[in-house]
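Reader: I am a first-year student, and I should be grateful for a close look at the aromatic rings in one part of this protein. Which rings pair, and where do they lie?

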Amino acid sequence: MYLRNAWYVACWAHELGDALETRTICELPILLYRKTDGEAVAIGDLCPHRFAPLHMGRREGDNVRCMYHGMLFGESGKCVENPHHGGVISPKMCVPKYPVVEKYGLIWVWTGDAEADESQIPDFGCYSASGFKTIHGMMDVQANYQLITDNLLDLTHADFLHDGTLSSEAITTSKLETLEQGSTVYANRWCPDGDPPPVWGQLMESQMGMKPDQRIDHWLYMRWDAPAHLLLDVGISPVGKPREDGAWVYTGHHLTPVSPTRTLYYWTVVRNHGVDDPDVEKFWQMSIEYAFGVQDKPMIEAQQAAIGTCDIDELGPVAIPADLAGGKARRKLMQLIKGEERGERPRPGASPLDELLARSAKSAAPVLPVV
Ligand code: FES
Ligand SMILES: [Fe+2]
């Protein structure tokens, strides 16, 4: 089951050019390309005649010709030229047209029937925040997107699965603070006055002028928006000092379901330190690829293989308090999907990033109510 009236990330904006690109989003085959004026277009990728993929066709101006029997489709998805049958074009000769927005360096596609609502794209303005530098990547994960959401909303796995990189006993013993606001779920962990996780510890001398054995405040504030867009505000600062005095990072996580057991995982790391330093860039690229690709991915894929196509909640999993935020996100998403089936219109837009930051402007400590 998928939330249809929602935005999903199809690709990075810089990846999309004149060439025909294909993506499967929530099992929908989608063709993407840029028109000659640069505007991004998304239409169905299967020709309505014999279902040949249109991405195997060719561009003719802003149109796409199916290279099996030659029907020509416009950016609206409608057939504009039929080389057969005296050129007769029937209303059924069309493919779906999907609304597209280019924002935050990403191409967002709306897969539902309701009118596309751009305000539903959560605020990822931090990707271009002044004084910060962004790197990004993508992973193809053979698992359901909600298993990845669970992983991101329960960061206690860092102490075990990310041993030697992001591990911190303080995360496991910290208090989880959650807040549900509209269709947004927050999951905060505040770990004051502790030892730095190994990856962060490596930055202390070079980026913060601190000794590597000094104690630090560590914060991990995760925001989830339906269907699966997450932003982690994370970092370390000298004890009692605000984010700006420390190594501060946002990590973005956009999970695009391909099928019930496959997800394209688009990630970003946005840092406030070493912004012009290629070694710091490489450090983060390698750290994230290792943490996500070598540590998280095999575990999540093994989980998926173990449960097959069952919904994990139907298997009666043992629950621990750390599951709270993941459970809230799953319930919220299910409510939205059920609401959509009843014909309810899309929910209000996601909470702006400014609001999140204003709450803890003076120190790195969170101010969400403790649950
Ligand atoms: S399959 Fe496309 S024109 Fe026949
Ligand atoms: Fe992880």
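Author: A residue counts as buried when its relative accessible area is under 20%. With that cut-off, the aromatic residues of this predicted model can be placed. Tyr 250, with a relative accessibility of 3%, is buried. Trp 248 is buried as well, its relative accessibility being 7%.

The count of aromatic pairs comes to 13. One of them joins Tyr 104 and Phe 124, whose ring centres lie 6.3 Å from each other. The planes of these two rings make an angle of 70 degrees, and the pair is edge-to-face. Tyr 104 belongs to the loop between β10 (100–103) and β11 (106–110), whereas Phe 124 belongs to the loop between β11 and β12 (133–141), so the pair ties together parts that are 20 residues apart in sequence.

The two partners may also be described by their accessibility. Phe 124 is buried, with a relative accessible area of 0%. Tyr 104 has a relative accessible area of 22% and is partly exposed, because buried requires a value under 20%.

A further aromatic pair is formed by Trp 248 and Tyr 250, with 5.6 Å from centre to centre. Their planes stand at 45 degrees, and this pair is tilted.

To return to Phe 124, this residue shares one aromatic cluster with Tyr 104, Trp 108 and Tyr 127. Phe 124 also has a charged neighbour: Arg 223 lies over the face of its ring, at 5.0 Å from the ring centre.

Technical notes: Residues numbered from 1 in each chain as written. Chains lettered and ligands numbered in written order. Predicted model: local features only at pLDDT ≥ 70, side-chain atom pairs only at ≥ 80, totals over all residues. Heavy atoms only, no water. Phe/Tyr/Trp six-rings, centres within 6.5 Å; stacked < 30°, edge-to-face > 60°. Helix = DSSP H or I, 4+ residues; strand = E, 2+ residues; numbered from the N terminus. Buried < 20%, exposed > 50% of the residue type's maximum accessible area, 1.4 Å probe, protein only. Lys NZ or Arg CZ within 6 Å of the ring centre and 35° of its normal.
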